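Hi,

Here is the structure I promised to pass on. Have a look at it first, and my notes on its internal cavities follow below.

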Amino acid sequence: MSDVRVRIMGETESIQSFQRGTKLEDVFKYEPSVEMTKDTPVAAIVDGKLRELSYKLKGDATLEPVKVSSVIGFDMYKRSLLLLMFKAFHDVLGDAEYTTHVLYSLGKGYFCTLTSKEVSVNDELLNKTKNRMKELVSENIPIIKKTMQTADAEEYFSRHDLPLKAELLKYRRVSNINVYNIEDHMDYFYGYMLPSTGLLRLFDIVPYEDGFVLIIPDRKTFSINFAYEAPRKLYNVLRQSENWGNMQGIRTVSELNDLIVEGNQNNLILVQEAIMEKQIADIAERILEENKKIVLVAGPSSSGKTTFSRRLSIELKAHGLNPHPVSLDNYFLEREETPKDENGNYDFESLSAMDLKLFNGQMEALLRGETVEMPRFDFTVGQKKYKGDFLTLGEEDVLVAEGIHALNPLMTESLPDDSKFRIYISALTQLNIDEHNRVSTTDGRLLRRIVRDARTRGNDAQKTISMWESVRHGEENNIFPFQEEADVMFNSALIYELAAIKTYAEPLLFKVPTDSPEYYEAKRLLKFLDYFLGMDVTLVPHTSILREFIGGGCFDL
């Protein structure tokens with residue numbers, strides 16, 4: 001075979017020669033006996049296209065390694081780890097009839113269930129499965145990709161007790177799909193995989209409630225050097241949302257598609273919105289009964305905080321209270337006092353960028369019955385302005401303060417705990433693609449933001465995607481650590497919303513240039529949205545949280 005020249009990009013650039021047909025795993029000198037680090041390549045971008053390590057070089061090429069700690073690489077690791085786990089259950093349980101479900105992300109792991117009339121989830125089963133996974137890793141078995149006709153795959157999964165996967169394929173427009181095998185076990189996954197089991201050393205399995213959690217490494221350090229602790233409040237709200245979906249017969253994308261095909265989406269929308277309305281009314285009832293004076297609302301990007309706060313204010317009024325919205329964005333330090341990050345840019349995500357002394361002082365004064373002139377932050381000049389917005393709290397008045405730091409104890413450290421009611425809001429998607437492929441909560445929020453930013457801020461999808469990693473970094477540092485401190489968790493995800501957002505998001509994603517770093521994420525999101533049938537967005541009520549993103553809402557400024 002003739003040699004091919006390969007330019008390998010990265011921190012240090014090099015040009016090397018390989019035989020035509022050399023696999024990428026050999027280019028990177030992958031050794032299963034060598035411990036992986038966060039910099040270990042698990043894929044590569046070859047001449048602008050994402051390739052798995054099993055890809056064979058066909059000619060001269062430029063390639064850029066995809067590290068396991070990157071978003072793309074880490075998703076590949078997680079998918080491959082799930083396949084490894086299912087293979088281990090297959091080996092341990094043999095001919096027993098059972099069904100496994102990956103339900104949702106829970107801390108640094110996936111909460112899963114196994115249902116069977118013949119076996120039950122217990123320490124013995126989980127230990128056997130974990131040990132079998134370790135054996136498969138030590139054997140370094142190839143993960144083989146195979147192309148099948150979609151109809152054949154649908155028939156195969158129907159015969160192997162994976163009906164939701166088979167139903168999903170019914171709505172695939174392509175004639176062929178890729179499936180993956182570990183020896184005799186085959187499955188269908190949304191996205192690329194690692195080349196072999198030898199790379200999948202880092203994992204754990206622990207029992208939790210009526211299921212178990214598959215623990216995954218920390219992405220930044222690519223290690224499991226933490227004691228797993230499930231976020232209890234988050235689990236409860238996710239389980240509640242799952243139960244609502246089950247009651248409506250909508251657990252997966254295919255079941256949502258069935259409902260759209262049958263023309264019954266209007267009833268689903270009305271029920272979903274009614275459930276959300278009742279939740280908000282219940283929260284308002286608690287605030288009234290507990291005589292809270294300061295309501296603190298926090299949540300990650302695109303969780304619907306603005307619309308939620310306004311709908312909550314309406315419910316508080318209906319309960320005889322007089323709510324006053326307070327945006328924590330008005331309590332930034334003056335621009336010259338704002339801290340900078342390691343790159344020399346103003347760090348507006350940091351708690352240190354907030355004027356904690358002013359906020360706590362004003363809130364204390366209001367609780368004492370004093371009159372306070374509220375600030376308005378002028379972002380164009382980086383200063384607080386005072387324009388005569390005076391406020392005094394009466395017996396029926398309540399403050400509704402919204403901001404990313406609202407649940408951080410330091411934000412309200414001077415205020416008495418019995419005056420505060422803490423609400424954490426996030427879009428916790430309860431819908432799954434099928435039994436083994438979940439709909440990522442992060443994907444749902446990113447799609448919301450892409451649509452909203454294009455409509456309200458003039459940002460194209462490429463710019464929104466380029467900022468998303470930084471946004472998530474800020475959430476991990478400033479929001480997620482305090483979610484379990486909330487008195488109430490509110491799930492703003494609507495079971496039907498991705499079918500509605502699809503209409504708006506697809507044209508924006510198609511515009512992302514093919515030669516941009518954001519193209520691969522845009523392409524992945526387009527493939528993801530292809531699982532959904534679109535729906536009539538005129539059916540979405542004007543009061544819906546979804547309207548904050550797609551527009552046409554009665555709360556739009």
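Before the findings, one definition: a cavity here is a set of grid points where a 1.4 Å probe fits but cannot get out, and its lining residues have an atom within 4 Å of a point. Please keep in mind that this is a predicted model.

With a cut-off of 30 Å³ or more, the count comes to five cavities. I looked into two of them.

The largest cavity has a volume of about 90 Å³. Its lining is made up of 13 residues, and those nearest the centre are Thr429, Ala493, Leu494, Glu497 and Leu498. Two elements, α11 (441-456) and α13 (497-510), give two or more residues to this lining, with α11 giving the most, four residues. As for chemistry, the lining of the largest cavity divides into six nonpolar, four polar and three charged residues.

The second largest cavity holds about 70 Å³ of space. Which residues line it? They are Ser241, Trp244, Gln272, Ile275, Met276, Gln279, Gln430, Asn491, Ala493 and Leu494. Both α6 (232-247) and α8 (265-289) supply at least two residues of that lining, and the largest share, four residues, comes from α8. Here the split is five nonpolar, five polar and no charged residues.

One thing to look for on screen: Ala493 and Leu494 are among the residues nearest the centre of the largest cavity, and they also line the second largest one.

Happy to talk it through whenever suits you.

Best wishes

Key
Residues are numbered from 1 along each chain as its sequence is written. This is a predicted model: local features need pLDDT of at least 70, side-chain atom pairs count only at pLDDT 80 or more; totals for chains, interfaces and linings use all residues. Side-chain values use heavy atoms; hydrogens and water are left out. On a 1 Å grid over the protein atoms alone, a cavity is a set of points where a 1.4 Å probe fits but cannot get out, and a pocket is an open set with protein on both sides within 12 Å along at least five of seven lines; lining residues have an atom within 4 Å of a point. Grid points are joined across faces, edges and corners, and a volume is the space filled by probe spheres set on the points. Ala, Val, Leu, Ile, Met, Phe, Trp, Tyr, Cys and Pro count as nonpolar, Asp, Glu, Lys and Arg as charged, and the others, Gly among them, as polar.
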